[in-house]
Amino acid sequence: MINIIAAVASNGVIGNKGGIPWNIPEDMNFFKEKTLGHVVIMGRKTYESIGKPLSERLNIVITRDEKLLKNSEAVKQNIIVQATEEHYNNEHYNKKASLTFPVYVGSVEEALNVAKAYIKTDPNTDKNSINSDNKSFIDNDINNNDINNNNTNNKEIFFIGGQSVYSEAINYADKLILTRLYDPYPGDTYFPDFDESLYIIEYQEKRDDLRLEFRIYKRISK
Ligand SMILES: NC(=O)c1ccc[n+]([C@@H]2O[C@H](COP(=O)([O-])OP(=O)(O)OC[C@H]3O[C@@H](n4cnc5c(N)ncnc54)[C@H](OP(=O)(O)O)[C@@H]3O)[C@@H](O)[C@H]2O)c1
């Protein structure tokens, strides 16, 4: 399952001057609850605004910076090797150790490949839910009714921003998990326009007290 998760103001704003122009703890909790134990993929600027890897999630950071990419080569191999069953079964292997640093990759496609390799080699993953190429991976998951399962036996991929990553990732995402704020905010980065007729609303929770709505869109056609 490939997801996009974002909080979006009523005027489409997602960010301002490198940060998020609101502070809504309930939304942070929603984000954490959805992504914990899974794989998160983000742009380099979003990673820098967070300042450190999100805990208990594999963090993949997209960049064109050759130096970061070069330094990450060994890490990438390690992530895949360390996640093998053999290593998980080794009592000296600390599972969390491999998740305390980000993996830098050069494109959205490479991010998906690393995420899939990691998920595939995780012995907790239901291997029947993953196929070998991106497209069949997406197709397979779209047909899977048990898609909202958030437990670690069924690891999912979450694109967590910012604008440049959302704009590309929206073509791959099976679901858009959006916190839609009732109010406009000033900002300089936006969630991409998308055609709502390509999706069904799978989940909706209005929180008038917080002036927002949690909404999950599930893609029904390519
Ligand atoms: N409201 C929300 O839910 C939410 C969530 C996340 C972020 N945000 C906000 O969004 C803003 C950041 O968005 P942004 O669009 O400016 O930055 P971004 O998407 O976080 O990062 C952009 C950087 O990612 C790398 N990148 C992106 N696409 C790439 C590609 N196809 N190939 C290689 N590298 C690629 C480049 O890094 P290099 O420059 O290193 O090459 C690029 O400069 C911030 O204000 C942040 O707080 C909001």
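Eight strands line up here as an open sheet, in the order β5-β4-β3-β6-β1-β7-β10-β9, and their pairing is mixed. Keep in mind that this is a predicted model. Besides the sheet, let's look at two helices that pack on it and at the residues around the ligand.

**The sheet**
- At the edges sit β5 (103-105) and β9 (199-207), each of which pairs on one side only.
- On average, neighbouring strands of the sheet are turned by 20 degrees against each other, if you ignore direction.
- As a bit of background, strands of a sheet pair through backbone hydrogen bonds, either parallel or antiparallel.
- For one pair to look at, take β1 and β6 (residues 157-159): they run in the parallel sense and share three bridges.
- Opposite Ile4 you'll find Phe159 in β6.

**Helices on the sheet**
- Helix α1 (residues 25-35) packs on the sheet and touches β1, β3, β6, β7 (175-181) and β10 (212-219). The direction of α1 makes about 175 degrees with that of β1.
- Helix α5 (residues 108-121) also packs on the sheet, touching β3, β4 (58-62), β5 and β6. Its direction makes about 165 degrees with that of β4.

**Around the ligand**
- The ligand has 28 residues around it, and Gly15, Gly43, Thr46, Gly161 and Gly162 come nearest.
- Strands β1 (2-8), β2 (13-15) and β3 (39-43) each supply at least two residues of this shell, and so do helices α2 (44-50) and α7 (163-169).
- Sorted by class, the shell has 14 polar, nine nonpolar and five charged residues.

How values were computed:
Residues numbered from 1 in each chain as written. Predicted model: local features only at pLDDT ≥ 70, side-chain atom pairs only at ≥ 80, totals over all residues. Near = placed C-beta within 6 Å. Helix = DSSP H or I, 4+ residues; strand = E, 2+ residues; numbered from the N terminus. Nonpolar A, V, L, I, M, F, W, Y, C, P; charged D, E, K, R; others polar. Pairing = 2+ DSSP bridges. Axes fitted to C-alpha atoms, helices over the stretch in contact; angles between N-to-C directions. Contact = placed C-beta atoms within 7 Å.
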